[in-house]
Amino acid sequence: MSIKSAYMVPHPPLIIPEIGDGRQRGIADTITAYEEVGQEIGNLKPETIILISPHQTLYQDYFHISPGTKAFGDFSPFLAGDVKMELPYDEDFTKALSTLCKEEDFPAGTKGELEPKLDHGTMVPLYFVNKYWQNYKLVRIGLAGLSLEEHYHFGELINQVIRELKREVVIIASGDLSHHLKDSGPYEFTPEGPLYDKEIMAIMGSGDFSKLLTFTDNFLRKAGECGHRSFTILAGILSHTRVAAKTLSYEGPFGVGYGVVKYTPLTSINPYVQLAKETIKTYLASGNALPLPKGLPDDFYQSQAGVFVSLKKEGQLRGCIGTILPTKDSLGEEIIQNAIEASAFDPRFLPVAPIELDKLEISVDILGPLEAITSLNQLDVKRYGVIVTKGGKRGLLLPNLEGVNSVKEQVEIAKQKAGIEEDENLKLERFEVIRHT
């Protein structure tokens with residue numbers, strides 16, 4: 001699997017010379033950035049381009065994935081019908097993604113296409129790509145009226161298919177920013193407009209994607225944004241990939257914000273896993289905890305969360321210790337504490353020996369908020385971890401564990417860990433995790 005690169009881009013039709021008729025010169029920086037994006041993709045020569053557009057088929061409760069063998073589109077709605085393109089779809093990828101979503105009971109698939117023609121949110125980015133590379137297949141992804149968390153999770157599922165099919169892919173998240181930057185723009189000015197653009201460019205320019213989920217629907221509506229959910233799916237796709245983010249341009253001369261940011265995957269180890277590994281190495285050598293290093297992403301110092309550190313050796317569990325809720329002042333300190341516990345104090349195993357360190361597979365799970373539930377139907381063994389509580393006994397099992405294939409099995413294992421034998425008065429809670437491997 002290889003994500004070659006990823007991009008956040010706008011889609012103003014006037015950027016196309018046949019449509020802009022000179023007006024495109026007002027967003028010259030955006031054009032320059034787009035040319036750079038096109039050239040980069042031409043050099044990378046991806047097999048597949050996954051493009052997320054807010055202007056393809058949209059449903060309130062369902063993500064649409066464009067079906068078929070190919071699609072045609074032109075800019076006739078913008079009086080430039082001679083500018084057209086016909087693109088092949090990656091049918092294998094679409095089928096695999098639809099199948100995975102069905103297995104996960106996730107609301108996404110190829111049903112109910114309202115308009116098969118390519119939309120301008122798709123064609124504007126590909127206009128620049130096609131100048132430099134055309135030997136690719138397209139996967140076209142739409143948005144939904146669902147939560148930001150659902151959009152993020154959809155991105156995680158897309159990432160899973162990328163890994164399973166071992167595709168060489170480029171990701172393009174198409175979306176304009178606020179439409180409320182000026183009274184002279186397409187909509188009246190609102191204070192939320194420029195505030196949104198400032199915040200989103202800081203977030204996307206730093207790659208601190210977790211903050212995308214903190215925006216409220218009310219704020220996004222007042223800001224009049226177009227691409228936030230596209231960007232959130234992109235964040236989900238990149239959730240297990242360490243990237244270097246670089247802002248190429250930002251402009252808003254016509255009352256609409258246009259931002260271009262590129263993401264280059266880094267080949268170095270995931271920073272969460274790196275911290276856990278360095279912690280174990282230090283503890284094995286000295287018996288002391290590793291001081292929290294400088295130069296890590298901001299959330300290592302500024303956020304708190306429950307954390308589980310899991311160790312495997314040759315595919316077999318070698319240690320796993322975690323905290324349901326934060327016990328330290330920062331996420332980084334929580335990882336350090338639990339990496340030591342997992343390697344030296346898991347009562348099921350002997351302490352890890354120095355000779356084993358390079359043979360360990362390390363994963364770090366960052367726990368989301370706990371949510372009380374009343375039924376097993378509210379669980380999903382792949383997506384949600386579960387906590388079972390009865391009296392003073394409490395057991396936890398993480399989601400998406402090898403060999404755990406049903407909710408019933410997941411709950412039974414959690415009960416066994418807690419020493420709970422009966423179901424009467426059993427309290428259930430679920431949680432999501434971001435897993436770093």
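Good morning. A search of the whole structure, which is a predicted model, finds one cavity of 30 Å³ or more. The space in this largest cavity comes to about 30 Å³. As background, rolling a probe the size of a water molecule over the atoms shows where empty space is left.

Let me turn to the lining. Which residues line the largest cavity? They are Arg318, Ala342, Ser343, Ala344, Phe345, Asp346, Phe349, Leu350, Pro351 and Val352. By character, this lining divides into seven nonpolar residues, one polar residue and two charged residues. Among the contributing elements, helix H11, spanning residues 331-344, gives the most to the lining, with three residues.

I now move to the aromatic side chains. The count for this model comes to 13 aromatic pairs. One of them joins Tyr127 and Phe128 in an edge-to-face arrangement, with 5.3 Å centre to centre and 80° between the planes. Are these two residues, Tyr127 and Phe128, buried or exposed? Both Tyr127 and Phe128 are buried. The two also belong, together with Tyr34, to one aromatic cluster.

A second example is the pair of Tyr196 and Phe219, which is tilted: the centres are 6.4 Å apart, and the planes make an angle of 45°. This pair links distant parts of the chain, since Tyr196 sits in helix H6, residues 192-206, and Phe219 sits in helix H7, residues 217-223, with their positions 23 residues apart in the numbering. Tyr196 is buried, as is Phe219.

Next, a charged group and a ring. Arg430 lies over the face of Tyr384, at 4.1 Å from the ring centre.

I should like to close with Glu35, a residue of helix H2, which covers residues 28-44. Why does Glu35 count as buried? Its relative accessibility is 17%, and buried means under 20%; Glu35 therefore counts as buried. Which residues does Glu35 touch, leaving aside those up to four places away in sequence? The contacts of Glu35 are Phe128, Lys131 and Tyr132. Phe128 has already appeared in this talk, as the edge-to-face partner of Tyr127 and as a member of the aromatic cluster with Tyr34 and Tyr127. Phe128 thus connects the two topics: it is in contact with Glu35, and it is itself buried.

Thank you for your attention.

Conventions: Residues numbered from 1 in each chain as written. Predicted model: local features only at pLDDT ≥ 70, side-chain atom pairs only at ≥ 80, totals over all residues. Heavy atoms only, no water. 1 Å grid on protein atoms, 1.4 Å probe; cavity = no way out; pocket = protein on both sides within 12 Å on 5 of 7 lines; lining within 4 Å. Points joined across faces, edges and corners; volume = space filled by probe spheres on them. Helix = DSSP H or I, 4+ residues; strand = E, 2+ residues; numbered from the N terminus. Nonpolar A, V, L, I, M, F, W, Y, C, P; charged D, E, K, R; others polar. Phe/Tyr/Trp six-rings, centres within 6.5 Å; stacked < 30°, edge-to-face > 60°. Buried < 20%, exposed > 50% of the residue type's maximum accessible area, 1.4 Å probe, protein only. Lys NZ or Arg CZ within 6 Å of the ring centre and 35° of its normal. Contact = heavy atoms within 4.5 Å.
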